[in-house]
Amino acid sequence: MGPLVEWFATSNPKNKTQITPINPEVARVVAVSGRTEEAVDFLLDQAEQNRDEEFLNLLADIHKQNIAGHTYRGYTLVGGAGDPMREVAMAGEAGRPVWWVFSGMGSQWGAMAKSMMRLEPFAKAINTCAAALKPHGVNLIDIVVNSDAKTFENVLNSFVSIAAVQVALVDTLHALGMQPDGIIGHSVGELGCAYADGTFTAEQTVLAAYWRGRSILESKLAPGAMAAVGLSWEEVKARVPADIVAACHNSADSVTISGPPESISKFVSSLQAEGIFAKEVASSGVAFHSKYVAEAGPKLKKSLEALLPNPKPRSSRWLSTSIPEKDWNSPLAKLSSVDYHVNNLLSPVLFAEALQHVPENACVIEIAPHCLLQAIIKRARGTGVTSIGLMKRDHPDNLNFMLSSIGKAYIAGAQPQVGRLLTPIKYPVSRGTPMLASMVKWDHSTEWAVADFSGKGSRSGESVIEVDVSKDSDKYLTGHTIDGRVIFPATGYLHMPVDDARDAASLQVEHAYINTLSRGDLSSLRWIEGPLTFYRPENHPGVEMCSVYYAPLNFRDIMLASGKLPPDALPGDLAGQDCILGLEFSGRDSKGRRVMGMVAARSLATTLLADPGFMWEVPDNWTLEQAASVPVCYATAYYALVVRGRMRRGESALIHAGSGGVGQAAIAIALHMGCTVYTTVGSQEKRDFLKKTFPQLTDANIANSRDSTFEQHVLTQTKGRGVDLVLNSLAEEKLQASVRCVAKHGRFLEIGKYDLSNNNPLGMALFLKNVTFHGILVSNTYNII
């Protein structure tokens, strides 16, 4: 008699009560994902209809992390004063870098924070800043809530309001669990960088802005003016009169100039007469970032010395726009110090230079009272960047605009924890809360083949249990009920593996294959009887049955078996079939000849069907073990470089993972054709191996594959030109760095599967160099058997 297990289930006693939102006037962001656009829309429909705080918490908790396979994302705003706002789109790359950009002067406007004060983390930060300014006679709340354009004729009001709003927006993003991978500030926006980087407190940030403005006012500077000009940095410096200074390098074709009002006005008019964009900008009558504000420097330094007695080091994620890149490792650049911030006031703004370091696949969030820099960011970094502003001048409801921007960031691939803005709940949720299980919508666009075991009995490995509760022998099972349903007992399932083990002794494995019973679960790898048990040659013309002696494990097999590569990435209808592991083999054909070959899949088996066009006799001086490792590596390298890449003598190629099988094959082919080879490896041992195997390669030809430093190495070696061909197997940011290594008219050959199967964005700006992108899947070149 086996052990008796009893399990008692009780109903959830928690009755439904109305949970009031933290602030009923504030809309709640609902951000969800799904396999299809329909799936996302359906969940958003439910959120808009129910508006149940427990249900919204459920949705938020489920989507705290990226869900693999969900290619669509969307958000809606529910509650609050307005109608629901919704957006659904293809999801951006999960885990893409997030950069924060802090705007400067020009982003201020009247009553900029009025609607934002309804949001608790934002209002709390503003009140903290207001308390710090109150002893100095500044009413910050009045400035950000009740002001008009005239208020900002006083430059001090502009500085403190911009800084305070940036502090409040950073605190809001922190409340949502968001952190930046990189930080850049424009002009006074570097005070916001200091706060985001943790080198300033909220009080220090707003007081530094206050003393910046006070120093300018007390210096009684001569009247100054500024203007935006549509020329390059070099063109402006060459054309401006002696009394005008190139003050801000915003982008390749946008520069802000500073100087005396009359000179600025005259120069702007002359450019406009030539049809060149030029426009004076409001600067509170100050010629910032020029010699004309030099007198304010000593006053600012004295004030900041009392405010910042112990300066903190700047982190590597904060890129300076007030110090030239060549001096980023200088003592001045190391600390968020008094000298650093005085230099920020007096020196030109080198925003365009720092912006070039923002990755081309980044999600850029502009943190300011107005999204002033959106056009500049998009033009400078191309279509691969998603640029999002948090606030907008004169928008009727900036809080909803900001919450929508958080939703847009989620769609773009960021992971804001929107549930933190909801009323906290305790699990389990109350009875009557809508259940999520029935709301899951499946993607039925792919047909999945199902194995047919009819007529094969227990030899197939399948266990069939017939239950007939009308019979006395099975009638007892009706007593096992849960929620009114008769459920087959769990103890019954435990007997099945025992029976299976008994039957396994009789399973014929003359024709068997290896596969995981549960994809992603390596412990479930088993030998499974294959369909070739019933093979008849007349039913399979054009193919030949081979006995497999050796079948290498390809990287694709590892990715598939471990669940890191979805079966959908396989060509044809292989995703729906049982046997999908194995790409190459060696063994004997039906005539007993020693052969090696490639198949679309199924080579991890005892027997297989192969296309004679993709089989070769093994040379006498090779063992079958050696031969098994040759077909895929050399076929992939030759097909990529020669067939698709049309490689020619004298060209250059970057070949990633050079010590791997495909890498060695590609290097051998490229060197044989008289090409210059650059390659990457992940260790000194592999570097030494390549130099020994290919004496033509030196350290100048080999870079690191563990990070993106190979990009700079290749561009340095090629004097900035890049290479004619890139054979890429790296993913995500390293793929983007590889793209940037392609020369004009070059060819990018992608043999990796990760970015392709995850539909990760590439960026159309790449093709402005007249290059071609090739997805290399050798398995697509022959019939899938």
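The expected span of a helix is 1.5 Å times one less than its number of residues. By that yardstick helix α10, with 12 residues at 296–307, reaches 17 Å from its first C-alpha to its last, close to the 16 Å expected. The model described here is predicted. Its protein chain holds 24 helices and 27 strands, and buried residues make up 51% of the 785 residues. Among contacts between residues at least 6 apart in sequence, 69% join residues at least 24 apart.

**Helix α10 and its surroundings**

- Within α10, the residues Ala296, Gly297, Leu300, Ser303, Leu304 and Leu307 are buried, and because they cover an arc of only 135° around the axis, they lie on the same side of the helix.
- The other side of α10 carries the exposed residues Pro298, Lys302 and Ala306.
- The cover over the buried residues of α10 includes α7 (202–218) and α12 (338–346).
- As a general background to such a pattern, an α-helix has 3.6 residues a turn, so residues three or four places apart point the same way.

**The parallel sheet of six strands**

- An open sheet of 6 strands follows the order β24-β23-β22-β25-β26-β27, and its pairing is parallel.
- Its edge strands are β24 (702–704) and β27 (772–775), each of which pairs on one side only, while the twist from one strand to the next averages 20°.
- Strand β22 (residues 652–655) runs parallel to strand β25 (residues 723–728) and is joined to it by 3 bridges; Ala653 has Leu725 in β25 as its bridge partner.
- Helix α22 (residues 709–717) packs on this sheet, where it touches β22, β23 (676–681), β24 and β25, and its direction makes about 155° with that of β24.

**Thr680 in strand β23**

- Thr680 lies in strand β23 and counts as buried because its relative accessibility is 0%, where the limit for a buried residue is under 20%.
- The side chain of Thr680 reaches the backbone nitrogen of Ala657 at 3.2 Å.
- Leaving aside neighbours within four places in sequence, Thr680 is in contact with Leu654, Ile655, His656, Ala657, Gly658, Ala703, Asn704, Ser705 and Phe710.
- Among these contacts of Thr680 are Leu654 and Ile655, which fall within the range of β22 (residues 652–655), and Ala703 and Asn704, which fall within that of β24 (702–704).

**The antiparallel sheet of three strands**

- Three strands form a second open sheet in the order β1-β2-β3, with antiparallel pairing; the edge strands, β1 (28–34) and β3 (85–90), each pair on one side only.
- Neighbouring strands of this sheet are turned against each other by 15° on average, with direction ignored.
- Strand β1 pairs with strand β2 (residues 72–78) in the antiparallel sense over 7 bridges, and in β2 the bridge partner of Val29 is Leu77.
- Two helices lie across β1, β2 and β3: α1 runs at about 15° to β2, whereas α15 runs at about 165° to β2.

**The hairpin of β7 and β8**

- Strands β7 and β8 form a hairpin with 2 residues between them, and 5 bridges join β7 to β8 (residues 254–259) in an antiparallel arrangement.
- Ala246 has Ile257 in β8 as its bridge partner.
- Strand β7 (residues 245–251) is mostly covered, since 6 of its 7 residues are buried.

**Backbone details in loops**

- Most residues other than glycine have a negative phi, and most peptide bonds are trans; the following residues depart from one or the other of these tendencies.
- The peptide bond from Tyr427 to Pro428 is cis, with omega near 0°, and Pro428 is found in the loop between α15 (398–412) and β13 (481–482).
- Arg51, in the loop between α1 (37–50) and α2 (53–62), has a positive phi near 50°; the residue counts as partly exposed because its relative accessibility is 33%.
- Asn770 also has a positive phi, near 60°, and is placed in the loop between α24 (754–757) and β27.

Technical notes
Residues numbered from 1 in each chain as written. Predicted model: local features only at pLDDT ≥ 70, side-chain atom pairs only at ≥ 80, totals over all residues. Heavy atoms only, no water. Pairing = 2+ DSSP bridges. Helix = DSSP H or I, 4+ residues; strand = E, 2+ residues; numbered from the N terminus. Axes fitted to C-alpha atoms, helices over the stretch in contact; angles between N-to-C directions. Contact = heavy atoms within 4.5 Å. Buried < 20%, exposed > 50% of the residue type's maximum accessible area, 1.4 Å probe, protein only. Polar contact = N/O pair within 3.5 Å; in protein donor to acceptor, adjacent residues only side chain to side chain. Arc of directions from axis to C-beta.
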